[in-house]
Protein chains: 2
Amino acid sequence: MITWNNLDKLTSYQELEKTESVDLAAVMAGENGAERVKNYSVPMAEGLAYNYAAKKVDDTVLAALEKLAEEAQLTEKFEALYNGEVVNTGEKRLVLHHMTRGQLGDAVEADGVDKRTFYVEQQKKIAEFANKVHAGEITNGAGEKFTTVVQIGIGGSDLGPRAMYLALENWAKKNDTFKMEAKFISNVDPDDAAAVLNSVDVAHSIFVLVSKSGTTLETLTNESFVKDALKNAGLDASKHMIAVTSETSPLAKSDDYLAAFFMDDYIGGRFSSTSAVGGAVLSLAFGPEVFAQFLDGAAAEDKLSLNKNIKENPEMLDALIGVYERNVLGYPSTAVLPYSQALSRFPAHLQQLDMESNGKSVNRFGEPVDYVTGPVIFGEPGTNGQHSFYQLLHQGTDIVPLQFVGFKNSQIGTDVVIQDSTSQQKLCANVAAQIVAFACGKEDENRNKNFEGGRPSSIIIGEQLTPASLGALLAHFENKIMFQGFLWNVNSFDQEGVQLGKVLAKRVLAHETDGALRVFSDLLNI
Amino acid sequence: MITWNNLDKLTSYQELEKTESVDLAAVMAGENGAERVKNYSVPMAEGLAYNYAAKKVDDTVLAALEKLAEEAQLTEKFEALYNGEVVNTGEKRLVLHHMTRGQLGDAVEADGVDKRTFYVEQQKKIAEFANKVHAGEITNGAGEKFTTVVQIGIGGSDLGPRAMYLALENWAKKNDTFKMEAKFISNVDPDDAAAVLNSVDVAHSIFVLVSKSGTTLETLTNESFVKDALKNAGLDASKHMIAVTSETSPLAKSDDYLAAFFMDDYIGGRFSSTSAVGGAVLSLAFGPEVFAQFLDGAAAEDKLSLNKNIKENPEMLDALIGVYERNVLGYPSTAVLPYSQALSRFPAHLQQLDMESNGKSVNRFGEPVDYVTGPVIFGEPGTNGQHSFYQLLHQGTDIVPLQFVGFKNSQIGTDVVIQDSTSQQKLCANVAAQIVAFACGKEDENRNKNFEGGRPSSIIIGEQLTPASLGALLAHFENKIMFQGFLWNVNSFDQEGVQLGKVLAKRVLAHETDGALRVFSDLLNI
């Protein structure tokens, strides 16, 4: 029997609040620190490991977090979710994105079909389509092969697929699975579509229109933009476009598209990278086998999220520590810092995933909560960030918990030895150094050069960023955020906060405004 | 006589703390709101305007802020800075980046030369060099024209120039001043350099090595990476590289470079976009006239920063409101949200500019301060962000002040009419709608659809993003951050917080570690 309680009503949370806080600089010093780094590590899928040695936890705090996980029924709630309960209570929907990559529990039937079968079928259809495009069986109107794929989508139809594409582009080129370049059009700013269209050979481009509802303003506007460009180039737009949408959308059975691939209402936009939304563009760019490996990595990580023991469940542990930092220690933001240029847009994707899921003030019953929920998420790749905002992270007045990611090996493998080390070694040396610098600090009589330390971080360490390890990494954060939503007792799967702006923008465009909105409209020449 | 006092010691600050907070939703409603939008606007240079109608200020708060500006001697401190006082007390340096674009006050002599003359000479040298490259008078070893410029730099030598390049790329193409594509190598991750080198025609590329000290680890490593690539292609590296550095650096007089252009110790990396650091790459990419317009825009905005009246000084007003939000209202972060795809990396640049300048815990005398200083800065372009993290901004438990930027006209001018409006109108309608949605909210019986409002924002509105308006926009934020540093009484021009990580990374690479650092080094295979 599952009960949905607010965080501050849980006995175990009240106990957690009473635990003594850990002196991070002290516990990370000397051989004790070395032991922590060895022991405070949870294996993840695909050779990754979640290391939380530099978090402000000890056996006492971990025991309290374990109790919290139990009392909040995190495992039971996850089970309910993947077994098809209506966990998205706001929109009254199932939450099935895990099923795009595996069958974790019972078969789930909805809309008259077995959903796992449905998602697998879509993936197969995409694979067949992509293979035909790569083989030159599906071509442009002149019978020539497509050389570029352009995704038209915004939010979850853009950030996730774009971040995953960038994460694997160099890997695919190095491993001879690169099929075609991908570009992305998202913003309603006309310069976005115009610049992308100016940069591609439209005659050899295939466009993927992605909108679940088939009604997203930006996406439909950009579709028209693209159709104009195709028409102006004397091309038949319907020979250049495919759609990824829901079966019930106006796009689903339109003759305007070469093909349509489906997702459904049970896949939130920000959780759709492993559905047809990511599948179409990634399969066209890298081949369906690469996309399948990505799914396998995500599925393998999902299985770890089932573990009841928080020391064997990296997602649950990460979630619990995050809530401890946010609600007990009072830290308002979190930085995501991948030491991998390929993950340059991964923080932007996590920013959506996290802030749109858990940036809520009411619980799942619509009652205001008396505690803070989702933090601000931001980040850039290291070492770049070190030469930018790390100053504040080290010496600012607020403490910002940090999530590092690092890999032992680069993707391309070209490297150079300077001062007896490779660039890859320098990259890894920097992330190791940062963790210890943040945790331990360094005293200096000159207070301007003093580092207080006590700034917590965790790191996910992997062998290499591959399709499979990327899938595991993505699933880690998706599931972490889900568990945090359970802890905060919010609905992580709706986004009512985006509605008001849409309504008012329509009013502006219809010139049905007054007061401040009318004057702003005038100032902006609308 | 200037006195440097901590913020909380100022009488006017204590008075500010006692002012009654403004009910933003109430004051922005109805015709009162319309009047605010008309009146709460400060003209900026180059047709821009700073509108603060949706900030939590009224006549009482503004009067208190005006007193604070006076007591904190903001104008006098700015005067001292541009007249050549050693304002960067930590590093004992002058702060002269304003002089790269104009002469605000007295002539300043340092290192035996007039500094304005020195910066102008560098700009001229760059202009001549760039013109010769464009005319085919300076070529590669085979006598062929260069077609691509690649900047090698990190931090301030990367983020600012890259953001400015992206901001003007489409404008330059549209206005026939586009000379060559620019690429950027920054990260020590070997995949960064390898991927950029794989994407360019090295035989026709000119590389700009940017390092003030000539000792930046990442930059020197990437230089070797590039030299290897040139050598492997059978090319003479010295015919493909120029340096931007200080006159005293090892790079200054090396035969390894076609030419060297200089900045000096009085230009902080994050304030160097208007110096040779931005000048070389932007002049090569767009022509020196475009770079000159960019400087003129910045200089025009600098002049407005001289005004004592805060209602005629957009930078000072913005700074004061920011400190009020941070220290009195207690908001820990700020989002920068340009409604312009061309400004996609402008928030990342501001993130460095702001967080590296004011993320400090000690005052300019090295004494700990008893109040919070620089906030976390993050952001992405609109409308993209609306489909991502805006959920938290609208309905999260923390209030995040917002800085919008919007332009009446697009850069490329290609557009499409859907449902009776252009994409540009939709873009502008969205930013107008967001300001009002955040400020006023909307009540709903369903608390999940309820918007509390009271979330403050300001907007900078311009005609179009051009070289000149971009310069003004950049100077606005540079000067705002400077004024905030004065208010917090911190040294905004050093960055001691980046040192410890560098020291520890060297130790890791030399295998001179113990404890936690040794184990992390092992885990990362260093």
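Q: In which loop of chain A is A:Thr383 found?
A: This is a predicted model, in which local features need pLDDT of at least 70, side-chain atom pairs count only at pLDDT 80 or more, and totals for chains, interfaces and linings use all residues; side-chain values use heavy atoms, without hydrogens and water. Residues are numbered from 1 along each chain as its sequence is written, while chains are lettered from A and ligands numbered from 1 in the order in which they are written. Helices (H or I, at least four residues) and strands (E, at least two) are DSSP runs, numbered from the N terminus. A:Thr383 is in the loop between strand 11 (376-378) and helix 14 (390-395) of chain A.

Q: What is omega at the cis peptide bond that joins A:Gly382 and A:Thr383?
A: The bond runs into the loop that holds A:Thr383. A:Gly382 and A:Thr383 are joined in cis, with omega about 10 degrees.

Q: What is omega for the peptide bond from B:Gly382 to B:Thr383?
A: B:Thr383 sits in the loop between strand 11 (376-378) and helix 14 (390-395) of chain B. The bond from B:Gly382 is cis, and its omega is near 5 degrees.

Q: Which residue of chain A has a positive phi although it is not a glycine?
A: Look in the loop between helix 16 and helix 17 (499-509) of chain A. Phi there is about 65 degrees, at A:Asn489.

Q: How are the two copies related?
A: The copies are superposed by least squares on C-alpha atoms of residues with pLDDT of at least 70 in both. Chain B falls on chain A (RMSD 0.0 Å) after a rotation of 180 degrees, with 0.0 Å of shift along the axis. The two copies are thus related as by a two-fold rotation axis.

Q: Which residue of chain B comes closest to the rotation axis?
A: The distance is taken at C-alpha and comes to 3.1 Å. The residue is B:Phe378.

Q: How many residues does each chain give to the contact?
A: Contact means heavy atoms within 4.5 Å. Chain B and chain A enter with equal counts, each giving 131 residues.

Q: How much area do chain B and chain A bury between them?
A: Buried area is the accessible area (1.4 Å probe) that two parts lose on being put together, summed over both. Carbon and sulfur atoms carry 64% of the total, which is about 11,000 Å².

Q: How many salt bridges are counted between chain B and chain A?
A: A salt bridge is a side-chain nitrogen of Lys or Arg within 4 Å of a carboxyl oxygen of Asp or Glu. A:Arg518 forms one with B:Glu31, with the closest N and O atoms 3.8 Å apart. The count between the chains is 8.

Q: Which helix of chain B gives the most to the side that touches chain A?
A: Polar contacts (N or O atoms within 3.5 Å; within protein, one must be able to donate a hydrogen and the other to accept it, and residues adjacent in sequence count only if both atoms are side-chain atoms) link 44 residue pairs across this interface, both at pLDDT 80 or more. With 15 residues (423-440 is its span), the top contributor on the side of chain B is helix 15.

Q: Where do the two domains of chain A lie, and what distance separates their centres?
A: Domain bounds come from an automatic or database domain assignment. Domain 1 covers 7-96 + 306-489 and domain 2 covers 105-295. Taken over C-alpha atoms, their centres are separated by 32 Å.

Q: Which three residues supply the most area that domain 1 of chain A buries against domain 2 of chain A?
A: The two domains bury about 2,600 Å² between them, 65% of it on carbon and sulfur atoms. A share of 23% of the area on the side of domain 1 comes from A:Leu96, A:Gln411 and A:Pro467.

Q: How many salt bridges cross the interface of domain 1 and domain 2 of chain A?
A: A:Arg270 forms a salt bridge with A:Glu356, the closest N and O atoms being 3.4 Å apart. For the interface of domain 1 and domain 2 of chain A, the rule finds 2.

Q: How many residues apart in sequence are the parts tied by A:Glu325 and A:Lys55?
A: The two side chains meet in a salt bridge of 2.9 Å, N to O. A:Glu325 lies in helix 12 (residues 314-328) and A:Lys55 in the loop between strand 2 (49-51) and helix 4 (59-71) of chain A, so the pair ties together parts whose separation in sequence is 270 residues.
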